[in-house]
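Subject: The two-chain model, and what turned up in it

Hi,

Here is the structure I promised to pass on. Have a look at it first, then read my notes below.

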Amino acid sequence: MMDDDPRENIHGLRIIKTARTEQAINEAARAGFRPLVKSVKPSKDIRVVVCVWQDLVTGEIRTLCEPHVAVPPPGWKEVVKPTAYYPYHFPEPFAAYLIPPDLQPGERVWVEDLIEDLIGTTWNSNNSRLPSSEAVWDGTKLKIDYDPDRDRSFVVG
Amino acid sequence: MTQPRFKLVMQFNPLTNRLFADDGRLIKRLRCPFRLDWRKLGPTDDPTARHCDICQHTVTDTAHRSDDELLALMAANPKACLKVDLYQDNLTLTYHDGR
């Protein structure tokens with residue numbers, strides 16, 4: 001989709017990229033970045049609930065992301081009851097923030113692709129990941145700016 | 001036997017923050033680096049929109065617009081900002097981008 005943002009900085013903040021494969025991490029290291037390698041740990045708090053209805057005539061299915069608000073209309077049957085699952089897929093159980101060699105302690109940056117599982121949006125007992133965030137580099141790690149008490153039921157952008 | 005058609009409304013994928021029209025066309029991917037709180041944004045002449053003091057953009061509430069209106073808005077101003085409430089009536093959720 002042609003909606004990816006090609007900017008190099010977000011309102012004056014440098015963008016920290018994330019590499020999610022061994023090849024990408026090593027290419028970045030050879031290019032002069034310092035990979036800050038972290039484990040990818042799916043959080044049990046990140047989950048969405050779906051159920052599946054099936055058309056009794058055609059066999060086609062429909063996935064319901066809000067199973068609590070509807071019952072199957074005539075001609076349809078619930079074939080998978082509301083089921084919670086972790087909806088994200090990552091290629092490896094590790095990833096790395098690519099730290100520019102000239103990044104200074106105290107510098108605020110924009111982390112484009114968070115490795116950590118933090119709750120971004122919440123609705124009806126579902127939680128999605130926070131994709132990006134500001135952070136501060138302290139010389140050895142990125143301290144992610146995250147407010148767990150913020151209202152997460154709406155999205156602006 | 002004629003099978004019922006499901007009502008077509010705007011779709012929002014909270015996993016990717018992409019907003020789609022009822023026919024599957026992408027309206028916008030919502031990304032705000034400031035993680036704005038809609039409730040704290042300033043008023044505008046349009047009661048369905050608010051003002052962001054940080055980037056000086058008008059943020060339009062999608063709860064009060066049709067998908068055709070939003071597509072036209074984005075075509076006229078690709079940097080326009082939108083607000084989506086996951087509980088708003090004119091929206092359903094999807095975990096897949098596109099139909």
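Among contacts in chain B between residues at least 6 apart in sequence, what percentage join residues at least 24 apart? For chain B the answer is 46%. Put that beside chain A, where 66% of the contacts between residues at least 6 apart join residues at least 24 apart. Before you go on, keep in mind that this is a predicted model, and that the values below are computed from it.

**Chain A overall**

Chain A has one helix and 14 strands. Turn it around on your screen and you'll find that its C-alpha trace spans about 65 × 35 × 30 Å along the principal axes. The radius of gyration tells a related story: chain A comes to 20 Å, whereas a compact globule of 157 residues would have a value near 15 Å.

Of the 157 residues in chain A, 43% are buried. The chain exposes about 8800 Å², and carbon and sulfur atoms supply 53% of that area. As for charge, there are 19 positive and 24 negative side chains in chain A, with the centres of the two sets 5 Å apart.

**Chain B overall**

Chain B has 99 residues, and 46% of them count as buried. Its secondary structure is made of one helix and eight strands. If you trace chain B along the sequence, you read β-β-β-β-β-β-α-β-β. Its exposed area is about 5300 Å², with 50% supplied by carbon and sulfur atoms.

**Aromatic pairs**

How many aromatic pairs are there over all chains? The count is two.

One of them is formed by Tyr86(A) and Tyr88(A), with 5.7 Å from centre to centre and 65° between the planes, an edge-to-face arrangement. Are these two tyrosines buried or exposed? Tyr86(A) has 22% relative accessibility, so it counts as partly exposed. Tyr88(A) is at 15%, and therefore counts as buried, since the cut-off for that is under 20%.

The other pair is made by Trp123(A) and Tyr95(B): their ring centres are 6.3 Å apart and their planes meet at 50°, so this pair is tilted. It crosses between the chains, with Trp123(A) sitting in strand β10 (residues 119-123) of chain A and Tyr95(B) in the segment after β8 (91-93) of chain B. Trp123(A) has a relative accessibility of 0% and so counts as buried. Tyr95(B), at 7%, counts as buried too.

**Just after that tryptophan**

Stay in this part of chain A for a moment and look at Asn124(A) and Ser125(A). Asn124(A) is in the loop between β10 and β11 (126-129) of chain A, and Ser125(A) is placed in the loop between β10 and β11 as well.

Why look at their backbone angles? Because most residues other than glycine have a negative phi. Asn124(A), however, has a positive phi, near 45°. Ser125(A) has a positive one as well, near 70°.

Their accessibility is worth a look too. Asn124(A) has a relative accessible area of 29%, so it is partly exposed. Ser125(A) has 55%, and because the cut-off for exposed is over 50%, it counts as exposed.

**Two more residues to click on**

Start with Ser43(A), in the loop between β4 (34-39) and β5 (48-55) of chain A. Which residues does Ser43(A) touch, leaving aside its neighbours within four places in sequence? They are Tyr86(A) and Asp117(A), and you have already met Tyr86(A) in the edge-to-face pair. Now pick Gly12(A): Ser43(A) and Gly12(A) are 31 residues apart along the chain, and 31 Å separates their C-alpha atoms.

Then go to Lys83(B), in strand β7 (residues 81-85) of chain B. Is this lysine buried or exposed? With a relative accessible area of 7%, it is buried. Setting aside neighbours within four places in sequence, the contacts of Lys83(B) include Phe154(A), Val155(A) and Val156(A) from chain A. On the chain B side, Lys83(B) is in contact with Trp38(B), Val59(B), Thr60(B), Asp61(B), Thr62(B) and Gln88(B).

Have fun clicking through it!

Cheers

Definitions and conventions
Residues numbered from 1 in each chain as written. Chains lettered and ligands numbered in written order. Predicted model: local features only at pLDDT ≥ 70, side-chain atom pairs only at ≥ 80, totals over all residues. Heavy atoms only, no water. Helix = DSSP H or I, 4+ residues; strand = E, 2+ residues; numbered from the N terminus. Rg over C-alpha atoms; globule rule 2.2 N^0.38 Å. Buried < 20%, exposed > 50% of the residue type's maximum accessible area, 1.4 Å probe, protein only. Contact = heavy atoms within 4.5 Å. Areas by Shrake-Rupley, 256 points an atom, 1.4 Å probe, with all protein chains shown as cover. Lys, Arg positive; Asp, Glu negative; His and termini not counted. Charge placed at Lys NZ, Arg CZ, Asp CG, Glu CD. Phe/Tyr/Trp six-rings, centres within 6.5 Å; stacked < 30°, edge-to-face > 60°.
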